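Dear colleague,

Please find the structure below, with its sequence. My notes on what was found in it follow directly after.

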Amino acid sequence: MLGSKEITVYEEVNVFFDRAAERLGLEDGVREMLRRPWRELQVSVPIRTDEGDIKVYTGYRVQHNGARGPYKGGVRYHPLADQEEVRALASLMTWKNALVDIPFGGAKGGIQCDPRTMSEGELNRLTRRYTLQIEHLLGVNRDIPAPDLGTNSQTMAWMMDTYGQVHGYTPGVVTGKPVELGGSVGRDSATGRGAVYVLREAAKDLGISPDGARIVVQGFGQVGSWTVRLLGEMGCKVIGVSDVDGGIYNPNGIDVNALVQHKESCRTVSTFPNGDRVTNEELLELDCEFLVPAAIDKVIHRDNAPKVRARVVVEAANHPLTPEADEILNAAGVTVIPDILANAGGVIVSYFEWTQNFYQHQWDMERVNDELNKIMTRAYIAVKEKAASERITLREAAFLIGVGRVAKVAKMRGFI
Ligand code: NAD
């Protein structure tokens with residue numbers, strides 16, 4: 001068991017990195033080079049509010065590692081986004097992109113703000129100012145942002161427009177754009193769809209029939225809502241869902257289509273009438289086959305991990321488990337499908353979008369989903385086989401593959 005001293009989220013992510021580096025036998029200097037972000041930028045983002053005041057936000061862009069290609073990673077708008085968190089998420093992007101073998105390095109951005117309390121005009125001004133502050137780091141062959149927590153395709157349209165005002169029309173500088181502006185079909189559902197593909201593969205291996213399997217999903221945004229919809233289509237029984245306002249539980253299964261409609265009209269799932277209201281804490285402790293955290297970081301920690309009653313945890317969110325929670329669940333025999341595998345579908349379809357932008361062409365939905373399925377399934381099998389051959393967890397195997405690939409390429413390029 002890890003010591004009980006509180007460590008930062010970046011240090012937590014590096015617990016997993018260090019284990020992989022140790023197993024790979026990387027020399028100390030190489031470890032240090034891979035652990036540290038290559039470049040970090042903190043910026044002030046002043047905007048005029050609708051009331052006419054000036055408010056100054058803090059924004060970040062961290063480029064963690066560019067050995068395998070241009071930096072790639074989302075931009076998060078959240079009250080808790082800070083340097084440490086963005087740094088941690090940037091490093092996860094490095095290992096994720098390497099694991100699924102797409103030609104990107106890892107990055108992440110963020111602004112500490114609460115987008116739920118801001119108007120569309122304020123968010124537009126905030127995004128434009130932030131883009132101008134980090135524009136010199138970006139580029140279609142340098143660093144390519146995408147949506148994350150609290151941002152969406154509209155945010156990417158504003159970023160693309162602002163970048164284009166300086167550099168000329170460059171749709172490939174961001175991904176997750178609206179389809180009309182060069183986005184890829186299937187990008188909005190891609191992270192949820194990818195999570196569902198690996199869940200399907202894990203279910204096969206564990207002998208769990210998806211038909212009627214009980215599912216609990218925390219978070220009903222871009223990732224969670226698609227995960228719920230697609231699992232519903234697969235015949236799973238979604239028994240619990242939540243968002244920031246709370247959750248609902250129905251052991252007989254929630255009518256997914258009615259839930260989606262309720263969310264559209266009421267903007268929350270927590271008031272859905274056909275179920276009992278539960279808190280987010282209670283939701284994570286529901287008895288189920290698959291628990292899918294799809295909201296924020298560190299929701300399962302040493303205090304609530306012993307109460308998790310799922311057979312499998314699918315990390316659709318980034319870093320939803322602390323390393324201590326991870327150890328507790330592993331010891332209890334719970335299968336954990338790690339974030340760098342489970343939520344890679346988003347960046348994979350972002351990669352498809354980036355390539356489509358190069359030759360100004362649009363793939364159809366069938367091609368996008370087919371290629372996504374191939375890459376997710378291939379990555380899942382590679383992780384499963386590595387875990388079996390090395391007698392380690394799926395997370396350890398995923399990091400081993402990702403870190404190993406980045407270390408190899410860094411050596412080949414000759415800068416170390
Ligand atoms: P989003 O902003 O679209 O949705 C977030 C959801 O989480 C909302 O339903 C919100 O109400 C809920 N939420 C927020 N705070 C919560 C809390 N304290 N407790 C419970 N629920 C809470 O964000 P998203 O894009 O769906 O991202 C969700 C997670 O998935 C994040 O960890 C993100 O990094 C990860 N992720 C997203 C993508 C992507 O393509 N968008 C790709 C990979 C990973």
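Which polar backbone atom lies 2.9 Å from an oxygen atom of the ligand? It is one that belongs to glutamine 222. Before I continue, please note that this is a predicted model, and that the distances and areas below are computed from it.

The ligand and its surroundings

Besides the backbone contact from glutamine 222, two arginine side chains approach oxygen atoms of the ligand. A polar side-chain atom of arginine 76 is 2.9 Å from a ligand oxygen. For arginine 187, an N or O atom of the side chain lies 3.2 Å from an oxygen atom of the ligand. On its own the ligand would expose 830 Å², and the protein buries 86% of that area.

In total, 23 residues surround the ligand. The closest are Asp148, Gly150, Thr191, Phe220 and Val223. Sorted by class, this shell contains ten nonpolar, nine polar and four charged residues. Two helices, H6 (187–206) and H7 (222–233), each contribute at least two residues to the shell.

Where does the ligand lie with respect to domain 1 (38–169) and domain 2 (190–342)? Both domains give residues to the shell, so the ligand lies between them.

Arginine 76 has a further partner within the protein. Its side chain is joined to that of aspartate 297 by a polar contact of 3.0 Å. Aspartate 297 is located in the loop between strands E10 and E11. With a relative accessible area of 11%, aspartate 297 is buried, since the cut-off for that term is under 20%. Thus arginine 76 has a polar side-chain atom at 2.9 Å from a ligand oxygen and also a side-chain contact with aspartate 297.

The chain as a whole

The secondary structure consists of 14 helices and twelve strands. The C-alpha trace spans about 55 × 55 × 45 Å along its principal axes. Is the radius of gyration in agreement or at odds with that of a compact globule? For 416 residues such a globule would have a radius of gyration near 22 Å, and the 20 Å found for the chain agrees with this. Buried residues account for 58% of the 416 residues.

Individual positions

The loop between E10 (288–293) and E11 (310–314) that holds aspartate 297 also holds valine 308. Valine 308 is buried as well, at a relative accessible area of 10%. Its C-alpha atom is separated by 37 Å from that of tyrosine 57, which is 251 residues away along the chain.

Phenylalanine 17 has its place in helix H1 (residues 9–24). Its relative accessible area is 0%, so this residue is buried. Although phenylalanine 17 and leucine 400 are 383 residues apart in sequence, their C-alpha atoms are 8.2 Å apart in space.

Glycine 139 belongs to the loop between helix H4 (120–134) and strand E5 (143–147). This glycine is buried, with a relative accessible area of 5%. From glycine 139 to valine 174 the C-alpha distance is 8.6 Å, with the two positions 35 residues apart in sequence numbering.

Glutamate 281, in helix H9 (residues 280–284), counts as exposed at 52% relative accessibility. The C-alpha atoms of glutamate 281 and arginine 116 are separated by 22 Å, and the two residues are 165 residues apart along the chain.

Backbone angles

Two positions deserve a look at their backbone angles. Most residues other than glycine have a negative phi. Histidine 319, however, has a positive phi of about 50°. Arginine 391 also has a positive value, near 55°.

Are these two residues buried or exposed? Histidine 319 is buried, with a relative accessible area of 2%, whereas arginine 391 counts as exposed at 78% relative accessibility. Each is found in a loop: histidine 319 between E11 and helix H10 (323–331), and arginine 391 between helix H13 (365–390) and helix H14 (394–413).

In brief, the ligand lies between domain 1 and domain 2, and the protein buries 86% of the area that the ligand exposes when taken alone.

With kind regards

Terms used
Residues are numbered from 1 along each chain as its sequence is written. This is a predicted model: local features need pLDDT of at least 70, side-chain atom pairs count only at pLDDT 80 or more; totals for chains, interfaces and linings use all residues. Side-chain values use heavy atoms; hydrogens and water are left out. A residue is near a molecule or strand if one of its heavy atoms lies within 4 Å of it. A polar contact is a pair of N or O atoms within 3.5 Å; within protein, one must be able to donate a hydrogen and the other to accept it, and residues adjacent in sequence count only if both atoms are side-chain atoms. Accessible areas come from the Shrake-Rupley method with a 1.4 Å probe; for residues, only the protein chains shown count as cover. Helices (H or I, at least four residues) and strands (E, at least two) are DSSP runs, numbered from the N terminus. Ala, Val, Leu, Ile, Met, Phe, Trp, Tyr, Cys and Pro count as nonpolar, Asp, Glu, Lys and Arg as charged, and the others, Gly among them, as polar. Domain bounds come from an automatic or database domain assignment. The radius of gyration is taken over C-alpha atoms; the globule rule is 2.2 Å times the number of residues to the power 0.38. Buried means under 20% relative accessible area, exposed over 50%, partly exposed in between (1.4 Å probe, protein chains only).
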